[in-house]
Amino acid sequence: MEEAITIGQATLYLGDAYAIRPTLGRMDVDVMDPPYRFNAVGAGKFRAARQATHMLIAEGMDKGFDHSIINPLLCGSCIVFFHPDQLLDLGDHLRGNFRRMVLCQWIKENPAPHRNKNYIFDSEPYFHAWNEGLHPVGAHEDMHRYVFAPVAPSKIYDHPTVKPDRVMAKIMANVNGQTICDPFMGTGSTGVAAIRAGKRFYGIEKNPKHFETACNRISAAVAEMEARAA
Ligand SMILES: C[S@@+](CC[C@H](N)C(=O)[O-])C[C@H]1O[C@@H](n2cnc3c(N)ncnc32)[C@H](O)[C@@H]1O
């Protein structure tokens, strides 16, 4: 069942992104961290000691997503986080729908070690793609330091893939436009950054537990901005 809550400059929807996103109309930027697609087999004891991967699999976040949700008729530009296994397919979709695209990354200050015949990635990529008029913006003098941020332990918000405030702040400074939509909102990291940047935010999340976390985090960000303005 769908539920919508407005908190300051944010409207948050509890429900399915594929059903709700088209009803919200055109946004300047879709910022998303959609379900990853990766080979989740193996890694034994090493993985058992790190609950994030188990949480990802338990919540179906290893099965990928339908690229058609990134629709140039609905957004003038987009930011999309992804697992490196998704690089080529996702890159093809964006190249076919946007005029320019750049590969960016968050460099993890506390990466997990290399184990079990595979890489445990010490950085996480995202694409920034845009059409006419919505090219990247922002002051870059000290932006390099925003690329580096630690991984948040999954227990903080009981979610395995929370994006760091610092990285999301950089993204908000780089995107062009005032209306931001995150169709796979999770705990609301995009929303917190959008509110702090003074932008209008729309978020969608299907899991009630994560939706509630997002409502709480975004309420706190709205209160923080109101206190600053008072
Ligand atoms: C990779 S996580 C995003 C985490 C987010 N960046 C954060 O910092 O908290 C993807 C989220 O999308 C949600 N999700 C997956 N499929 C969805 C769907 N069809 N509609 C809405 N939300 C969905 C999952 O429940 C999960 O919380």
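This dialogue concerns the ligand and the pocket around the ligand in a predicted model.

Student: What makes D33 a polar contact of the ligand?

Tutor: A side-chain N or O atom of D33 is 2.8 Å from a nitrogen atom of the ligand. A polar contact is a pair of N or O atoms within 3.5 Å, so this pair qualifies.

Student: Which distances apply to T187 and E205?

Tutor: A polar side-chain atom of T187 lies 2.6 Å from a ligand oxygen atom, and a side-chain N or O atom of E205 is 2.6 Å from an oxygen atom of the ligand. Both pairs therefore meet the limit of 3.5 Å. The protein covers 96% of the 610 Å² of accessible area that the ligand has on its own.

Student: Which residues come nearest to the ligand?

Tutor: Of the 22 residues around the ligand, these are D16, A17, T187, S189 and E205. By class, the shell has nine nonpolar, eight polar and five charged residues.

Student: Which pocket does the ligand take up, and what is the volume of that pocket?

Tutor: The ligand occupies the second largest pocket, whose volume is about 510 Å³.

Student: What makes a residue part of the lining of this pocket, and which lie nearest its centre?

Tutor: A lining residue has an atom within 4 Å of a grid point of the pocket. The second largest pocket has 35 such residues, and D33, P35, M61, F184 and E205 lie nearest its centre. Elements giving two or more residues to the lining are α1 (17-20), β3 (27-32), α6 (189-196) and β9 (200-205).

Methods
Residues numbered from 1 in each chain as written. Predicted model: local features only at pLDDT ≥ 70, side-chain atom pairs only at ≥ 80, totals over all residues. Heavy atoms only, no water. Near = heavy atom within 4 Å. Polar contact = N/O pair within 3.5 Å; in protein donor to acceptor, adjacent residues only side chain to side chain. Areas by Shrake-Rupley, 256 points an atom, 1.4 Å probe, with all protein chains shown as cover. 1 Å grid on protein atoms, 1.4 Å probe; cavity = no way out; pocket = protein on both sides within 12 Å on 5 of 7 lines; lining within 4 Å. Sits in = over half its atoms within 2 Å of the grid points. Nonpolar A, V, L, I, M, F, W, Y, C, P; charged D, E, K, R; others polar. Points joined across faces, edges and corners; volume = space filled by probe spheres on them. Helix = DSSP H or I, 4+ residues; strand = E, 2+ residues; numbered from the N terminus.
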